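User: Please take a close look at the barrel in this model and at the side chains packed in and around it. I would like a connected account rather than a list.

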Amino acid sequence: MKSTRILTIAALTAAGFAVLASAAMASGFSGNWPVTISHSKGSNGAFCLKLIDDGSAGFPHSGPATINTGVNGQTLSGQFQFINHVIIVAIDDTGLTQNAGSTYSSRPINGNPGEGAFATIYNGLEIDEGEIVYGVKGGC
């Protein structure tokens, strides 16, 4: 009887943690995320990335993305996807040249995008890359 009660309590505790973990993920990545680029040739700085996690880009956690890294603080648009435990943000930059854009990728830790890599591509060639670090959600 005592061991059955202990097993029941353990099972309920584990189920509670599973519900908490899924609830945290269910809130998704929607919001404003500060992102800092460093060790790049020409894109170093702090920017604000806005993600809308509505599942519209093909994966359950995906959707529109904007960032203020354009010329004179211009806001650029793209999309993000959470694939195989990696966030990939692709931003179009058609104002500079055709087929131009940037990518931001990272592996989230505790629901925060964390640290990752950045690359800018113009006409099919990578011309800039660097490290990225995300700040706390809502920090910009």
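Analyst: What follows goes from the overall fold to the strand pairing, then to the core, the aromatic pairs and two buried polar residues.

The model is a predicted one, and its chain comprises one helix and eight strands. Read from the N terminus, the elements follow the order α-β-β-β-β-β-β-β-β, and the eight strands close into a barrel in the order E1-E2-E3-E4-E5-E6-E7-E8, with antiparallel pairing. From one strand to the next the twist averages 30°. In general, strands of a sheet pair through backbone hydrogen bonds, in either a parallel or an antiparallel sense. Of the contacts in the chain with a separation of 6 or more, 35% are accounted for by residues 24 or more positions apart. Buried residues make up 31% of the 140 residues, while the chain exposes about 8300 Å², of which carbon and sulfur atoms supply 60%.

The pairing can be followed in some detail along the early strands. Strand E1, residues 31-38, is joined to strand E2, residues 45-51, by seven bridges, and the two run antiparallel. Six residues lie between these strands in their hairpin, where His39 takes a positive phi near 60°. On its other pairing, E2 meets strand E3, residues 62-67, in the antiparallel sense over three bridges. Leu49 in E2 appears in both pairings, since Trp33 stands opposite Leu49 and Leu49 in turn stands opposite Ile67 in E3. Later in the chain, E6 and E7 pair in the antiparallel sense over seven bridges, and here Ser105 stands opposite Ala117 in E7.

Leu49 also leads into the packing of side chains. The largest nonpolar core has 19 residues, and those that touch the most other members are Leu49, Leu51, Val89, Tyr104 and Tyr134. At least two residues of this core come from each of E1, E2, E3, strand E4 (76-83), strand E5 (86-92) and strand E8 (125-134). For Leu51, the contacts beyond its neighbours within four places in sequence are Phe29, Ser30, Gly31, Trp33, Pro64, Ala65, Phe80 and Val89. Val89 is itself among the core residues that touch the most other members.

Two of the contacts of Leu51, Phe29 and Phe80, belong to the aromatic part of the picture. The structure holds three aromatic pairs. In one of them, Phe29 and Phe80 are arranged edge-to-face, with 6.4 Å centre to centre and 85° between the planes. This pair links distant parts of the chain, with Phe29 in the loop between helix H1 (2-26) and E1 and Phe80 in strand E4, 51 residues apart. Both Phe29 and Phe80 are buried, and together with Phe82 they form one aromatic cluster. A tilted pair is formed by Tyr104 and Phe118, at 5.3 Å centre to centre and 50° between the planes. Here too distant parts of the chain are linked, with Tyr104 in strand E6 (residues 100-106) and Phe118 in strand E7, 14 residues apart. Tyr104 has a relative accessible area of 1% and is therefore buried, and Phe118 counts as buried because its relative accessibility is 3%.

The surroundings of Phe29 and Phe80 also include Asp53, which lies in the loop between E2 and E3. Because the relative accessibility of Asp53 is 17%, this residue counts as buried, the cut-off being under 20%. Its contacts, leaving aside neighbours within four places in sequence, are Gly28, Phe29, Ser30, Pro60, His61, Ser62 and Phe80, so that both partners of the edge-to-face pair are among the residues that Asp53 touches. The C-alpha atoms of Asp53 and Ser30 are separated by 4.8 Å, although these residues are 23 apart along the chain.

The other polar residue to consider is Thr120, which lies in strand E7, residues 115-122, the strand that also holds Phe118. Thr120 counts as buried because its relative accessibility is 7%. Beyond its neighbours within four places in sequence, Thr120 is in contact with Ser43, Gly101, Ser102, Leu125, Glu126, Ile127 and Asp128.

Definitions and conventions
Residues are numbered from 1 along each chain as its sequence is written. This is a predicted model: local features need pLDDT of at least 70, side-chain atom pairs count only at pLDDT 80 or more; totals for chains, interfaces and linings use all residues. Side-chain values use heavy atoms; hydrogens and water are left out. Two strands pair if DSSP finds at least two bridges between them. Helices (H or I, at least four residues) and strands (E, at least two) are DSSP runs, numbered from the N terminus. Buried means under 20% relative accessible area, exposed over 50%, partly exposed in between (1.4 Å probe, protein chains only). Contact means heavy atoms within 4.5 Å. A nonpolar core is a set of buried Ala, Val, Leu, Ile, Met, Phe, Trp, Tyr and Cys residues joined through side-chain atoms within 4.5 Å. Rings of Phe, Tyr and Trp (its six-membered ring) pair if their centres lie within 6.5 Å; planes under 30 degrees apart count as stacked, over 60 as edge-to-face and the rest as tilted. Accessible areas come from the Shrake-Rupley method with a 1.4 Å probe; for residues, only the protein chains shown count as cover. Axes are lines fitted to C-alpha atoms, for helices over the stretch in contact, and angles run from 0 to 180 degrees between N-to-C directions.
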